[in-house]
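User: Please take a close look at a single strand in this model and describe its surroundings. Start with how far the prediction can be trusted.

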Amino acid sequence: MSFLEINNLKVHFPIRGGFFNTIQDYVKAVDDVSIKIEEGRTYGLIGESGSGKTTVGKAIVGLEQPTGGEILYYGKRVNSKKLRKKMDYNKEVQMIFQDVLSSLDPKKRIRDIIAEPIRNYENLSKEEEIKKLLDLLNIVGMPPDALYKYPHEFSGGQRQRIGIARSVALSPKLIVADEPVSALDLSVQAQILNFLKQIQEEFSLSYLFISHDLGVVKHMCDYIYIMYRGRLVETGTTQDIFNNPQHIYTKKLIAAIPEIDVENRDTIRLNRMKVEKEYAKNEKIFYDKDGKVFDLLPISETHFVAVKSKEDLKNVENSVA
Amino acid sequence: MSRKETNSDTMVLDINEEELKALSDAPTFWQVLKKEFKMDKLATFCLVLLIIIFAVIFIGSAVLDQDQVMRINLRNKYLPPGDEFILGTDIGGRSIAGQLFIGGRNSLLIGFAVTIFTSVIGIVVGLIVGYYGGKVDNIIMRICDFIQVLPATMLIITFVVVIPSYTMWHFILIMTAFYWVGMTRLVRSKALTESRRDYINASKIMGTSDLKIMFGGIFPNISSIIIVDLILSFAGNIGIETGLSFLGFGLPPSTPSLGTLVSYARTPGAMSDKLWLWLPASLLILVMMLCINYVGQAVRRASDAKQRLG
Amino acid sequence: MWKTVLRRFLIMIPQLIILSVIVFFIGKMMPGDPFTGLITGDTDPAAIAALREKAGLNDPWPIQYKNWISRILGNGDFGKSYTYKMQVSTLIGQRAQNTLWLSLLTLILTYLIAVPLGVYAGRYQNSKLDKAVIVYNFVSYAIPSFVLALLMILIFGYKLGWVPTTGSVEIGIQKGTAAYYGSRFHYMIMPAVTSAILSTTTTIQYLRNEVIDAKTQDYVKTARSKGVPTNKVYSHHIFRNSLLPIAAFFGFTITGLLSGTIFIETIFGYPGMGELFISSINSRDYSVMNALVLLFGVLTLVGSLLSDIIMSIVDPRIRIE
């Protein structure tokens, strides 16, 4: 059962202009996006920059006000700040930020940074609080003396660990991770990802991974949502997406995953060119005349593709074969 | 699972809070400031000089009996500097030196009061409109635009004249009404940039109240810029007050200011052979302005990593 | 472009209205009214009272405001001066000329001082000249205008005796002769230099920073690497580009000058509008004082309008939203 449902989420930003600075049009940053989150599972939300994926994440945690659609937490609407407060929603849904340094207040000690959510929701004595903070630091593998340091004294990977410690402090159900490793060194990336997997088991967390890189989330996610221009183009289990991609955009993304395979580099190159050609040829089937993505159609129980009609999909396969 | 089993109860005891706190240097403004003043000897000199001037003025004016200083004694009219009156006397036979203490204290206090009032308004309003944005922000900013294009000096003078039973507090209020705009704009723009950063977003997600975010999150992060503006507007406010008092539209006549002393320059003969009447006060204002502004610039450099000397 | 100008113009209209309402109420708060100027020893109080009733001074204030503003807009009627026994508009007209000439000379001097100092200080950054300019700029920024003015009078007027210390022209010289204009210039030079010194600060600082910035810009590097002589790089490339923002400050410079005239004209005894304002206040000549506040208010508004318009022409990024 899913505990969080996002139905037909819309986030539209007005474009103002003209003589009286009136609303001329809207940027549809997020348009009709539906996501279901179940307990203990990991979801990927993939798209290029500007596709609206971060806006979806921000709307889920409450940083962005949805223009339309609904966010249901155990079947109850949490669209407004008041409703979220009533449900203690922000105790259960947390976020990890891409720009780690900017997400930690430079004027506060780590102790106060990690303790912020605890102080807001739990009434602990000073000793209890310290004990909890030390536990958290221990979980993220940081030494106890980190408590009294400032964010600028740590490396990028360490800072992200601190950010994670803060986000799990209230034992939330879901963590929205907005490109949690893209600002880190490659060697540290794997470390943090493995570590996120580890604490997932410990806290029976769900993750919503927001990333532009399919490669990074391939080994993390159970279910993947692919976004393009504010709409979902294809959703499915990781197997569905990687073994049986249907949308031309998905195919392009998969082909773009960097691979270090010197021997087969010509084949890879040819494959990429083939995907590129297919993209140009089949654009009409996947986007309407304004370049808008169609609505999702089911092609299996778990796998959905945004396409004009299912028949067209078969034609695509035939043409490629 | 790689997590080590540790007993956190004993760990609590292991931690010596003070020692650890001392180990870790905050990126505090004060340390940078100390370094900056170490590098800039002139700034240190200005700061020391200012402290001495302030101390002398406040102690002197506390010791002096204001009524006695301000008592008119025509027998001592226009005495040049000498043994009895170090800096001479004015038309009423009152000691210039004594008036310098009392006027200096009044001018400093007014400058201080106006700075505090305008800054408190500026910080509170600026933080609120910068953090929330939207319609209120728009309205407040339009008001600020308007106040900024008003001919402030003239309007202040006019209000000073038309207000019946005018006192020092009226003056402070009038000045505050016109000069809160600067700090408000500064704080607003800084709060706006700051509230777009992720640590503020993080605080919002973690359920921290807006008030706490504004004053516990944003405020400490923009405090160095506020301090710079505080110092510079302190100097500015002293300048405005003494200027208006010089014209005769600042403090009420019963409350002497440095500006009142400078205005003796407009009495006949003051320029050619009675320099003692107005020159000491003018020089005192000049020295204070130069020092405060110089200190302010040093603080500004410290608050901006790109400009630092040290 | 025109849209921006027009919109900026529209913003000014409510500002003007509010300003006029403020001035109107200040006028109401003052003792006396337009007819006070008519009162002489042998005026019948009853006749004045009748005049007051006829002029509608007992009407509710919105009607009074309407009448007041339409008299001003219709035929520039601000009432009569109590001290000078003449129409306020005529009186201000005479004084405005003096202020205009003084401001013009100040403007010329300001740019004559500021432009070379700013450019050279920027060009030879950290040289002795640059350091001297920084000191000059610091002192002229920090010194209160009335202190500077008094010191100038003391030094150049009394100690050195180079210039007269008060007035606008020597008494007894035939109007229109060369000697007359020479004498006016002689009287004007000191107040003009004083306020020029005070108003150079922003321009010098801005110009110096612009030049220092420009030195590292790509277009300058390109010009230099092409072999354009250094002097030409400065005169053709850097100088021109740096001057644009200075042009944009023009409106503010005028506004600053205007508010400075109150001090400068009073101290130098120069019969302009600023001096008229102070003397009208001292003699409680309320109709003159009221008219001057309104006039200065309008001029300041126009000055800032001018600056905004020039700024939006020079730099399209700073257009009003």
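Analyst: In chain C of this predicted model, confidence is lowest in helix α2 (residues 45–54) of chain C, where the mean pLDDT is 74, and highest in helix α5 (residues 128–142) of chain C, at 93. Chain C as a whole averages a pLDDT of 83, with 92% of the residues scoring at least 70. For the complex, the predictor gives an ipTM of 0.86 and a pTM of 0.86.

The strand chosen for the close look is β8 (residues 206–211) of chain A, which is mostly covered: six of its six residues are buried. In a regular strand, side chains alternate between the two faces of the sheet. In β8(A), A:Ser206, A:Leu208 and A:Ile210 point one way, while A:Tyr207, A:Phe209 and A:Ser211 point the other way. Both sets are buried, serines included.

Two strands pair with β8(A). One of them is β3 (residues 42–46) of chain A, which pairs with β8(A) in the parallel sense over five bridges. Within this pairing, A:Tyr43 has A:Leu208 as its bridge partner in β8(A). The other is β7 (residues 174–178) of chain A, which runs parallel to β8(A) and is joined to it by five bridges. Here the bridge partner of A:Ala177 in β8(A) is A:Phe209.

The link between β7(A) and β8(A) also involves a helix: together with α7 (residues 186–203) of chain A, the two strands make a right-handed β-α-β unit.

Key
Residues numbered from 1 in each chain as written. Chains lettered and ligands numbered in written order. Predicted model: local features only at pLDDT ≥ 70, side-chain atom pairs only at ≥ 80, totals over all residues. Buried ≥ 20, exposed ≤ 12 C-beta atoms within 10 Å, placed from the backbone. Helix = DSSP H or I, 4+ residues; strand = E, 2+ residues; numbered from the N terminus. Pairing = 2+ DSSP bridges. Right-handed = clockwise from strand over helix to strand, strands pointing away. pLDDT = per-residue confidence, 0-100.
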